[in-house]
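Got the viewer open and a free hand on the mouse? Let's walk through this one stop by stop, selecting as we go.

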Amino acid sequence: MTDTSIPRADQPLDDEQPTTAAPVDGEPEETDAEKAPSKAAGEGDLFRQSEIAADYVEGLLDILDYDGDIDELVSGGRPVVEVVGGRLQNLVGQRGATLEALQELARLAVFRQTGSPSRLLLDVGGYRANRRKELGAVARNAVEKVKEHGEAVRLEPMSAFERKCVHDVVNAIDGVESESEGVEPSRRIVVRPAG
């Protein structure tokens, strides 16, 4: 079982690098400090991170008495843990909120063992893959509106993972651009004609 205890009050948190969520393949809003550990980490280090996180998630599943198969892998230069099985929707939560929280806990478990922040991606029941497809459609719809009317379109607030998915689709289309605005949890994407 992985030690995921909370740091004592007398342990300084200021010296720790953030373990904030960084969505698939790097978020445009990531800082250089967040990117550096993943670039320096080798394939073996990344797989070790996925193993640590998988052990942590397995412990949670045991506590909750949930059954699920756990796969550990490295994809896109980052550690990934996928949990598949029935009766896992509660681990995803409304709009993936519980999944995001579990991902942060798994990243903390990795940080506690390695001393380095992780860009671990956790997926449960294929939620992220399905959501990526939905967001692709949302992005293409926004692009159509921008091209048709020539005005910026503001999308609903999204998580970092969701924004990354939309940015990827918009950036692959000529004549439009996207940027994030606002502050979490109300951070959103604006799609506008390329200037």
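Helices and strands on this tour are DSSP runs, at least four residues for a helix and at least two for a strand, numbered from the N terminus. With that in hand, select Pro185: it sits in the loop between S5 and strand S6 (188–193). Look at the peptide bond leading into it from Glu184, which is cis, with omega near 5°. Keep in mind that this is a predicted model.

**Zoom out**

Now show the whole chain as a cartoon. You should find six helices and six strands, and tracing them along the sequence gives α-α-β-β-α-α-β-α-β-α-β-β. Of the 195 residues, 39% count as buried. If you draw contacts with a separation of 6 or more, 64% of them join residues 24 or more positions apart. Switch on the surface, and about 10500 Å² is exposed, with carbon and sulfur atoms supplying 48% of it.

**Into the core**

Hide the surface and select Leu61, Val81, Val83, Leu88, Leu91, Leu122 and Val124. These have the most contacts inside the largest nonpolar core, a set of 21 residues. Colour by element next: helix H2 (43–64), strand S2 (78–84), helix H3 (89–92), H4 and strand S3 (121–124) each give two or more residues to this core. H2 provides the largest share, six residues.

Stay on Leu61 and show its neighbours. Leaving aside residues up to four places away in sequence, Leu61 touches Tyr66, Gly68, Ile70, Val83, Leu88 and Leu91. Then pick Ala142, Val143, Val166 and Val176, which are among the members of a second, separate core of 16 residues.

**Charged pairs**

Time for salt bridges. How many does the structure hold? There are eleven, and here are some to click on.

Start with Arg107 and Glu104, whose closest N and O atoms are 3.3 Å apart. Both belong to helix H4 (residues 97–114), three residues apart, or about one turn. Is Arg107 buried or exposed? Arg107 counts as buried because its relative accessible area is 0%, under the 20% cut-off. Glu104, at 24%, is partly exposed.

Move to helix H6 (residues 160–171), where Lys164 and Asp168 lie four residues apart, again about one turn of the helix. Their salt bridge has its closest N and O atoms 2.5 Å apart. Lys164 is buried at 9% relative accessible area, while Asp168 is partly exposed at 37%.

For a pair that reaches across the chain, select Glu181 and Arg154, with closest N and O atoms 2.9 Å apart. This one links distant parts: Glu181 is in strand S5 (residues 176–181) and Arg154 in strand S4 (residues 153–154), 27 residues apart. Glu181 has 25% relative accessibility, so it counts as partly exposed.

Finish this stop with a group selection: Arg95, Arg131, Glu134, Glu156 and Glu162 are linked in a network of salt bridges.

**Backbone oddities**

Most residues other than glycine have a negative phi. Keep Arg95 selected and check its backbone: phi is positive, about 55°, although this is not a glycine. Arg95 lies in the loop between H3 and H4 and is partly exposed at 43% relative accessibility.

Last click: Arg87, in the loop between S2 and H3. Its phi is positive too, near 60°. Why does Arg87 count as exposed? Because its relative accessibility is 59%, over the 50% cut-off.

How values were computed
Residues numbered from 1 in each chain as written. Predicted model: local features only at pLDDT ≥ 70, side-chain atom pairs only at ≥ 80, totals over all residues. Heavy atoms only, no water. Salt bridge = Lys/Arg side-chain N within 4 Å of Asp/Glu carboxyl O. Buried < 20%, exposed > 50% of the residue type's maximum accessible area, 1.4 Å probe, protein only. Core = buried A, V, L, I, M, F, W, Y, C linked by side-chain atoms within 4.5 Å. Contact = heavy atoms within 4.5 Å. Areas by Shrake-Rupley, 256 points an atom, 1.4 Å probe, with all protein chains shown as cover.
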